[in-house]
Amino acid sequence: MTERWSSALLTDHYELTMVQAALRSGAAHRRTVFEMFARRLPETRRYGVVAGTGRFLDALEHFRFDSGTLDFLAQNGVVDDLTLSFLADYRFSGDIWGYAEGDCFFPGSPILVVEGSFAECVVLETLALSVYNHDCAIASAASRMVRAAHGRPLIEMGSRRTHEEAAVASARAAYLAGFAATSNLEAGRRHGIPTTGTSAHSFTLLHDNERSAFAAQLASLGEGTTLLVDTYDVMRAVGTAVELAGPELGAVRLDSGDLEELAVQVRRFLDEKGATGTRIIVTGDLDEHSIQALAIAPVDGYGVGTALVTGSGAPTASLVYKLVARALGDGPEGPLSPVAKRSVGKPSKGGRKWAARRLDDRGTAVSERVFAHEPELTRWERPLLVPLVRKGEIVGREPLEAARERHVRAVAELPVTAHQMSRGEPAIPTVFEQRASL
């Protein structure tokens, strides 16, 4: 995005009051390490998908407390003058590592590691979680849908079922995970995602009859268009479509009814009329389970909306952002000491971590290994953390296509159990290796 904007207030009130108190205690500049991870996956997920990295880096670049944001904080008494002065000069100057966008993650995976002073790291908590929790959830659902589709293209079309900005982010996450296109034009403009769409039922209802509506659409968009054929009677509509467009008709869309049975009937009719190249696209409250159920039906593509943009039952990746290490002194340097929560049901593991994926001799993932020190990896282990920010400078930006291609490779290395749609354990275990001294 080229507009000037600030992401600094996309945060929670208590992030800034913690900074104020830490400035007063002298601990604000203490060196710290925060990590973002999921304690568990949703019951219906065997793996998670890292998504949102590019959006987070963009937001980090614009995380500045400009005059407008400072005026708001001052006028509402959120923080004191000393804190306002600190925030006015805020620039993240630390280091960030993360799992590369498009890769898969598992419980305990340190998918984001943020190191710097307490004050500059803690204020990024809400921003990081809001971006990653949303985008990882959507990408994880999308990845399952892509798998269920078995190579048939999917179109993201959920804009009207979510917040307008969430719609753009959802389209990005879905494309990263393998969707072919989106209906959202802003996603196309902002992220370079292919866009597609033809007409809705209202266009058919606008005209005096279905024939007139089809004729108008064909005259405008050509024979390769997709005609929506379930406004009235499906088979009659398909007959009219082929009569008007001939065998070169691009596609017909089914949006309601028994989609499997209708697809069989429509395919038979199209073939009998010589329209063997006309595709059948189905839409209408689809999710990965209904897509899988249509696997043997003569369907050529799917349009998915509500289930996708709501994470198909898991609207958040349940990621948390926790302090895992801090310097023993109040300065920016010094040895790190591990710290961890011990709350019942919400424990965390202290200490800065590194991660690698262990593969067998066929290249199939067998475990997620999390180390308490930077390890020397074998030929069968793939390092997972890559530098995203180095001394405040963003170094991890990449094209969305790179993340899309990475996801294909990451999913391909998972065991077959990763693709089961039933409830179950993560596809591979997360193994925490013996802690070394910090």
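**Close-up views of a predicted model**

**View 1. A355 and its surroundings.** A355 is buried, with a relative accessible area of 7%; here buried means under 20% relative accessible area, exposed over 50% and partly exposed in between, using a 1.4 Å probe and protein chains only. A word on what you are viewing: this is a predicted model, in which local features need pLDDT of at least 70, side-chain atom pairs count only at pLDDT 80 or more, and totals for chains, interfaces and linings use all residues. Residues are numbered from 1 along each chain as its sequence is written, and side-chain values use heavy atoms, with hydrogens and water left out. A355 belongs to strand β14 (residues 354–359); helices (H or I, at least four residues) and strands (E, at least two) are DSSP runs, numbered from the N terminus. Setting aside neighbours within four places in sequence, A355 is in contact (heavy atoms within 4.5 Å) with Y99, P110, R369, V370, R382, P383, L384 and L385. The C-alpha atoms of A355 and I111 are separated by 8.9 Å, although their positions lie 244 residues apart along the chain.

**View 2. Aromatic pairs.** Rings of Phe, Tyr and Trp (its six-membered ring) pair if their centres lie within 6.5 Å; planes under 30 degrees apart count as stacked, over 60 as edge-to-face and the rest as tilted. By this rule the model has seven aromatic pairs. F34 and F118 make a tilted pair, because their ring centres are 6.2 Å apart and their planes stand at 35 degrees. This pair links distant parts of the chain, with F34 in strand β1 (residues 31–38) and F118 in helix α5 (residues 118–122), 84 residues apart. Both F34 and F118 are buried. F63 and F65 meet edge-to-face, at 5.6 Å centre to centre and 90 degrees between the planes. F63 and F65 are buried too, and they form one aromatic cluster with F86 and Y90.

**View 3. Arginines over rings.** A charge sits over a ring if NZ of Lys or CZ of Arg is within 6 Å of the ring centre and within 35 degrees of the ring normal. The charged end of R352 is placed over the ring of W354, 4.0 Å from its centre. R404 lies over the face of Y175, with 4.0 Å to the ring centre.

**View 4. Cysteines without a disulfide.** Searching the whole structure turns up zero disulfides, a disulfide being a pair of cysteine sulfur atoms within 2.5 Å. For C104, the nearest cysteine sulfur is that of C136, 11 Å away. C104 is buried, at a relative accessible area of 0%. The sulfur of C121 is too far for a bond, because the closest cysteine sulfur, in C136, is 19 Å away. C121 also counts as buried, at 0% relative accessibility.

**View 5. The cavity.** On a 1 Å grid over the protein atoms alone, a cavity is a set of points where a 1.4 Å probe fits but cannot get out, and lining residues have an atom within 4 Å of a point. Grid points are joined across faces, edges and corners, and a volume is the space filled by probe spheres set on the points. The structure holds one cavity of 30 Å³ or more, and the largest cavity has about 80 Å³ of space. Its lining residues include L41, Y47, F105, C136 and T316. Helix α6 (residues 125–149) gives the most to this lining, with three residues.

Definitions and conventions
On a 1 Å grid over the protein atoms alone, a cavity is a set of points where a 1.4 Å probe fits but cannot get out, and a pocket is an open set with protein on both sides within 12 Å along at least five of seven lines; lining residues have an atom within 4 Å of a point.
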